Amino acid sequence: MATSQKRANQWRRWSEDVIPSLLVPYLSYIQQTSVLRYTNAPGEAQQDLAVCQAGCRTRSITVACVHFDALKEINIITCPCFPVPLQLLHCGLFPCAPLVPSLAVDLRILEFVRLLFVCQAPNQTAWCDAVETFLDGMGYKLSCKNNLRRRFSNTFHWYRVLSILARNHISSIITDVRRGQARIPLIDQPSEYLRSRCLLCFGGNTCHEADARSIPDIIVCIDACFTQKRSTNPRSASSINPPNPTPTFFLSNDDVKAMEDFVNSSSRAEEEEDCYEEGMRVPVSVLNGCGESFVAADEKREKASTRFFTDTGLMALLCRHDRVLWLANLTSAGEKQHYALALLDQLFKHIPPQMTIGLLYDIGCQLEQSCQKWNLLDDNTLSHLSFAVAVFHAYGHQWPCQIIYHPRKCEGFGLSDGEGCERLWSSLKQLIPSLRVSGFHQRLFVLDVQIRHLDTKSIQGYGHWLHRRWLHCQIKKNAALDSLQDLDVNEDILRAEWKAQIAHQMQPVPRQYKNKAAEVITTILALEKTLDAHETSVRELEMQLYVGAVANVVEFNLQLADARSRRAKIADTIRHCKATLGPQGQADLMTMKNDIFLTIRLNACAVKTRIRDRLHQRKFELERLERSYRATVNEHKLRSNTQYSIKRREPAILKLVSTYNGLCTQLQSLIRQWRAPPSAIPPHLIARDGIFLLDVDDEIWQDIGLDDEGMHPPAWLSDEATRSGIHLQLELDRCVEEETRLRRERSVMQEWMLAEWEAVQTALRDPANDLVMPFHLKARAEELLCICVIWRNKVQEIPCAWPVESWGPTNEDLLQAARDQVQSSFFQDDDDDESVRVVDKCDEDGNPAYSEVGDDELMDATEEVALADEYRYQDEDLIDDVEDSFMPSSPTKSTPKKRRCI
């Protein structure tokens, strides 16, 4: 039999026979050992289990057992009634093979390694080498044919599968009970899958508010990562490892392929004239500018080679709380739209029809244009979907696009930034080396395991997240209110001026000028100044090559070719524009060239355009440098060149700023001397401080005084108080939206805790449960208590959006859980003369410890927990940075028999 066939048969036995048969015995063993707190000595339990009453044919097997402090060998008498995996599990061991294992590992070792490998880069080879060296130093040595690494890897993998399925089994029991207690029809609720993914988004009893106006019910973000690649098999093997029997967050290949075929079958005719496309609020010319900006700067289209990598990256769909909803495995060289559409399609299959979604995506404007133009999403879906761009990448978009798609300018997105995917990629960066050479399904499995670990870490951090966001929102809101009060501008006027600004700056290019010839002349004059700047840039590059001041010849040649290409393109455009002018137009062109004010103004406009281009390039390069933590060793040279390029361009940008400010000063002087048109507006200077931030409200985006306006310029253009008031009013609106959403999430949090607690208590009272399940249900209840103590303390200052009857647990339960969190617990020997229980002052007096518990006492206890939490969290701003010591070290919290209070 071929090796691949043997492997497939073994995989099938594990998935279909061994793991399902070990599920209940594993839960029973966890109960008997108090979550692996105690263990049985090898060989003690297997003597009774080996006695077969059915007269089956038996077989003796010798198994090497790896423990923390020893390497032992035991004999097992196996038969079909008592298979080897079952006998080893009762001994606290897990086998490396489903039928005749030669190695078994202590469950406590496997659990320790499981937790270790989600907190650091997994390296089973290094772990096995260390174990063999450690045991060899104590005189233990394996004499088996195969090395430890391969057999330990198999053991560890299937132990993780068993632990995942065991926890899912307990969760399914609670879910079934809670669904039976549901207070609203299931058709009006998100799916159970989404409820399990994020309780703040999908865990409430109300999924859609009719009076929410334009605020989406849920905010999600999408982004791709091309560092999580998988190399092509060097042996060109066509087979892949079999799938795992565990739930996955990845879309199926069939769903992704179906969406790809649908997108490719859509028409691709292009429009030449600038206009508004159906359903869009931004003209085509602006969208094309955004698309060109991201294609040029974001890794030049091809982001991963399909020649060397079979899987080129990942694309994730996350909610605004950084919880993964779904992942898509990328196999193309670039960031294709069908991956994002497949993720959105899957999301809408799991939500009720009335729920609305707000999407933050780096190129959200491009995605909406494609959906509207080619009908990639149906009208009903698009009516429930709002598009915006992520805050970090908004600088790459044209200013008119930012007015519509920037989350700080458009309604409904509050203070969400859309950068949750970036935080996810940072959390997964430790997996890059090992997954680069793993199998297909193994790669997906490891990513799933890591995401489950992040879920466990973040669930207690929900309270800290809401508390931090609430404080941030209140600070920004109060600052905006104070500034608006100082300006003393009517709110209705500010809103009217903002609408007028949008209407003016959203006009398609052909409609911006009544006189087409004047528009062409203005374009020619501006292009000639831009051409001069490109000529200077090309000469500077050629001079560097002449004097030999080139650090990287390959990169320099690409840069020089790009500069020459831009110069040639602008020159061709100028020739084309001049050809469209008649005799009168040619004469007007010469007249305008002799106008001093117009010449200086066009120079200033060209310089400002050049500054924006340079800042765009620097920002994109800086982004690559900031993401260098995800890069491999092979990209070290690229990072060095990028850093050098950034520093080299800063003086040139600052010089352009000085040049622009000098031209603005000349224009102001001409206006004071009455040598400018009567309606001329002096342009604003660009401040050198903060020029590299490219914030959405910076002066760099505004071309005030650099274009032709009417005799009476609008207030949003000429009045500084109105312009500042518009910015502050928009910020206040976003803070109000964020405050509304946080209040809703605070109510949903309490509803989820109440429903979960009632479901666990109902399941505990179910007489149909065996002796094993009550233990695990009680452990889940203790876990909920610990979470509830933290949540209740952190969100107490956030008002609810609607009244919620209670949190679920009683004050007595919460008080006990709060005290347990600030007390230490140690194992005590049986012959210890000291007290082994927690001592309380009330116990010493002979009175009941918790006979009467009031809210004041509960708050005192939670304040102690809060003080400890603040100490742990004082240097951390993100949920991703929560210390692991603060989270439960295992899915269920142990209840030790003996404790000592210190």
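Tutor: A nonpolar core is a set of buried Ala, Val, Leu, Ile, Met, Phe, Trp, Tyr and Cys residues joined through side-chain atoms within 4.5 Å. Keep in mind that this is a predicted model.

Student: Which residues have the most contacts inside the largest nonpolar core?

Tutor: They are Phe-94, Met-315 and Trp-791, in a core of 143 residues. Apart from this core lies another, of 26 residues, which includes Cys-421, Leu-428, Leu-435 and Leu-454. As a general background, nonpolar side chains tend to be buried together in soluble globular proteins.

Student: Why is Glu-738 called buried?

Tutor: A residue counts as buried when its relative accessible area is under 20%; the value for Glu-738 is 0%, so Glu-738 is buried. In the protein chain, 49% of the 902 residues count as buried.

Student: What makes the approach of the Glu-738 side chain to Leu-415 a polar contact?

Tutor: A polar contact needs a pair of N or O atoms within 3.5 Å, one able to donate a hydrogen and the other to accept it. The side chain of Glu-738, a residue of helix H25 (residues 720-764), reaches the backbone nitrogen of Leu-415 at 2.9 Å, so the distance meets the cut-off of 3.5 Å. Glu-738 also touches other residues, among them Arg-320, Phe-413, Arg-469 and Cys-473.

Student: Why are S2 and S3 said to stand at the edges of their sheet?

Tutor: The sheet is open, with four strands in the order S2-S1-S4-S3 and mixed pairing. Strand S2 (71-78) and strand S3 (93-95) each have a single partner strand, so one side of each is left without a neighbour in the sheet. On average, neighbouring strands of this sheet are turned by 35 degrees against each other, direction ignored.

Student: How do you know that S3 and S4 pair?

Tutor: Two strands pair if at least two bridges are found between them; S3 and strand S4 (residues 103-106) have three bridges, in the antiparallel sense, and therefore they satisfy the definition. Within S4, Val-105 is the bridge partner of Phe-94, and Phe-94 is also one of the residues with the most contacts inside the largest nonpolar core.

Student: Which strands of the sheet does helix H4 touch?

Tutor: Helix H4 (residues 107-119) packs on the sheet and touches strand S1 (59-66), S3 and S4, while its direction makes about 70 degrees with that of S4.

Student: How many helices and strands has the protein chain?

Tutor: The protein chain has 29 helices and eleven strands.

Methods
Residues are numbered from 1 along each chain as its sequence is written. This is a predicted model: local features need pLDDT of at least 70, side-chain atom pairs count only at pLDDT 80 or more; totals for chains, interfaces and linings use all residues. Side-chain values use heavy atoms; hydrogens and water are left out. Helices (H or I, at least four residues) and strands (E, at least two) are DSSP runs, numbered from the N terminus. Buried means under 20% relative accessible area, exposed over 50%, partly exposed in between (1.4 Å probe, protein chains only). Contact means heavy atoms within 4.5 Å. Axes are lines fitted to C-alpha atoms, for helices over the stretch in contact, and angles run from 0 to 180 degrees between N-to-C directions. Lists of a residue's contacts leave out its neighbours within four places in sequence.
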